[in-house]
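Good morning, colleagues, and thank you for joining this meeting. May I ask you to look at the display before I begin my remarks.

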Amino acid sequence: MPQYTQYQPKAYRPRMSAYWYLDQWRYLRYALREASSFFVAYFCVLTLVQLAALGTSATRYAQFEACMGSPVMIIINAIALAFFLLHAITWFNLVPRVAMRQMLGRPTPDAISSGPNYLLWFGATVILALFFLGVL
Amino acid sequence: MSAGKRSNEPLVWLLFGVGGFFAAFFLPVHVLFYGLLFPSGLVHAPGYQATLALVRHPLARLYLFALLTLCFFHAAHRMRLTMSDVLNLRHLNTVLAFLCYGGAIVGTVFTVWLLMTV
Amino acid sequence: MSDTIILEVARFNPERGGEPSYESFEVPLRPDWMVLDGLNHIKDQLDGSLTFRWSCRMGICGSCGMMINGVPTLTCESLLINYAPGPVRVGPLDHFPVVKDLVVDLDDFLAKLQKVRPWVVRKDDFKPPREFMQSPAQLEAFHQFSLCINCTLCYAACPVSGLDPNFLGPAAIALAHRYNLDSRDQGVEDRLDIVSQHEGIWDCTVVGECSVVCPKNVDPSLAIQQLKLTATKEWFKSFLLPRGKH
């Protein structure tokens, strides 16, 4: 027996799954990009711990270095590096494009908006690496 | 919605945006060396004295201050949005904002203190 | 290659209620048939009660948008043969209330569209002696954002519009941007009052799928991010140079 709802048709209102980002790769990719923020926070805290160890004593810093050499920390930092690269690439592909469009008021090819950022990225990486290695 | 108030989000969004550039440009090489190459022994670490001397340079302190504080705010903003959208915690938005941005402020205080005392 | 393909089509009858279910139909697989042609074959030959919207068959009316295998798509622009051997799953656009089968309720979207005042707003009573002159550069500034056909694929692709029903959404914000960029328009402040609220641009977390599924390359995501820059500039301006609200 159908329930007559002639004057108040019942629309079906879909509910979103709590795990909507697992449904399709394009949404999972977004969720992973956003998850990079947790690793950014982790690495900032880690750097503060390093600074604290540096400021305390050489023994403390040796303890910090020993801890960093443990396989668990190496794995976590390798994962962090992967997330930072994901963040960097998605960021360079998106943000300069928006900024260029806003400044120029017309579309520019992605190579012109994003390209210089990759060059700057490479330059910054080399310069910082030379400082870290004690060459500069 | 028509007579509503403009959001104050631009303040945190701008910090998120500038921090995003710092994180993209500089964090990969930091974690590559201090998290992987030096600890694993693949590249010889410069040692305590050299690292301390590097960090004590005024320009290095300034750079680390900008890098860490901006990255803290970048992470705080994105973590808040991730938890509200991806982890479906929209109903806790006020609590999340308090925790995330509060955490970034605490991180900033620690950064300043450690960079002044190192 | 088989000369038929299975279409799994979402069925929902408002008089019975409950959850939508999928019903399979076998339709001819012809090289020149779009998914919409398959649906029309079902309606004409197999089950006349199947309900869906369509009009122009050439990607300009914006009424035949549906989820094809989970992706918001214009059914008149997707070759059936691209989904061979099938089955092809066709459902109503995500995040909208379903009226019947593949038809969704657009009232909420249309109300949001009106909020952003998508027309040329003049604050003065200037009456041009002839049509407004616009340079090619002035046209280029907004042209891309004016191509929207209101097909609402972007809403179906946007998880935020599913999570927050109050989110103004990609198409409405892109259209606000289109008029803000128009050299004839003077309504920027009015529109910023709407789009700069939390449920406007600040709800967007740049998933970016709205721009991927857009059949007209409007790039609503770009419009939203540009508006965030404009709104941020205005926020700092009002912070540094406070003015009374008029």
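At what angle do H3(A) and helix H1 of chain B pack, and how far apart are their axes? Before I answer, please note that this is a predicted model.

The angle is about 155 degrees, and the axes of H3(A) and H1(B), the latter covering residues 10-40 of chain B, lie 9 Å apart. In general, a pair of packed helices is described by exactly these two quantities, the angle between the axes and the distance between them. Angles over 145 degrees count as roughly antiparallel, and H3(A) and H1(B) are therefore roughly antiparallel to each other. Their crossing is left-handed. As for the residues in the contact of H3(A) with H1(B), 19 are nonpolar and 5 are polar, while no charged residues take part.

Let me turn to chain B as a whole. Chain B contains 4 helices and 0 strands, and its elements, read from the N terminus, follow the order α-α-α-α. How does its radius of gyration stand against that of a compact globule of 118 residues? Such a globule would have a value near 13 Å, but chain B has 18 Å. Along the principal axes, the C-alpha atoms of chain B fill a box of roughly 60 × 30 × 20 Å. Of the 118 residues in chain B, 42% are buried. Among the contacts in chain B with a separation of 6 or more, 76% join residues 24 or more positions apart.

I now come to chain C, which has 9 helices and 7 strands. Its C-alpha trace spans about 70 × 40 × 30 Å along the principal axes. Buried residues account for 45% of the 246 residues in chain C. Of the contacts in chain C with a separation of 6 or more, 67% are between residues 24 or more positions apart.

Finally, I should like to consider where chain A meets chain C. Chain A contributes 23 residues to this contact, and chain C contributes 25 residues. Which elements of chain A give two or more residues to the side that touches chain C? They are helix H1 (25-56) and helix H3 (71-104) of chain A. The largest share of that side, 4 residues, comes from H3(A). By class, the side of chain A that touches chain C has 12 nonpolar, 5 polar and 6 charged residues.

To close, H3(A) thus appears in two settings: it packs with H1(B), and it gives residues to the side of chain A that touches chain C.

Key. Residues are numbered from 1 along each chain as its sequence is written. Chains are lettered from A and ligands numbered from 1 in the order in which they are written. This is a predicted model: local features need pLDDT of at least 70, side-chain atom pairs count only at pLDDT 80 or more; totals for chains, interfaces and linings use all residues. The radius of gyration is taken over C-alpha atoms; the globule rule is 2.2 Å times the number of residues to the power 0.38. A residue is buried if 20 or more other C-beta atoms lie within 10 Å of its own, exposed if 12 or fewer, and partly exposed in between; C-beta atoms are placed from the backbone. Two residues are in contact if their C-beta atoms, placed from the backbone, lie within 7 Å. Ala, Val, Leu, Ile, Met, Phe, Trp, Tyr, Cys and Pro count as nonpolar, Asp, Glu, Lys and Arg as charged, and the others, Gly among them, as polar. Axes are lines fitted to C-alpha atoms, for helices over the stretch in contact, and angles run from 0 to 180 degrees between N-to-C directions. Angles under 35 degrees count as roughly parallel, over 145 as roughly antiparallel, 65 to 115 as roughly perpendicular and the rest as oblique. A crossing is left-handed if the near helix is turned anticlockwise from the far one by less than a right angle, and right-handed if clockwise.
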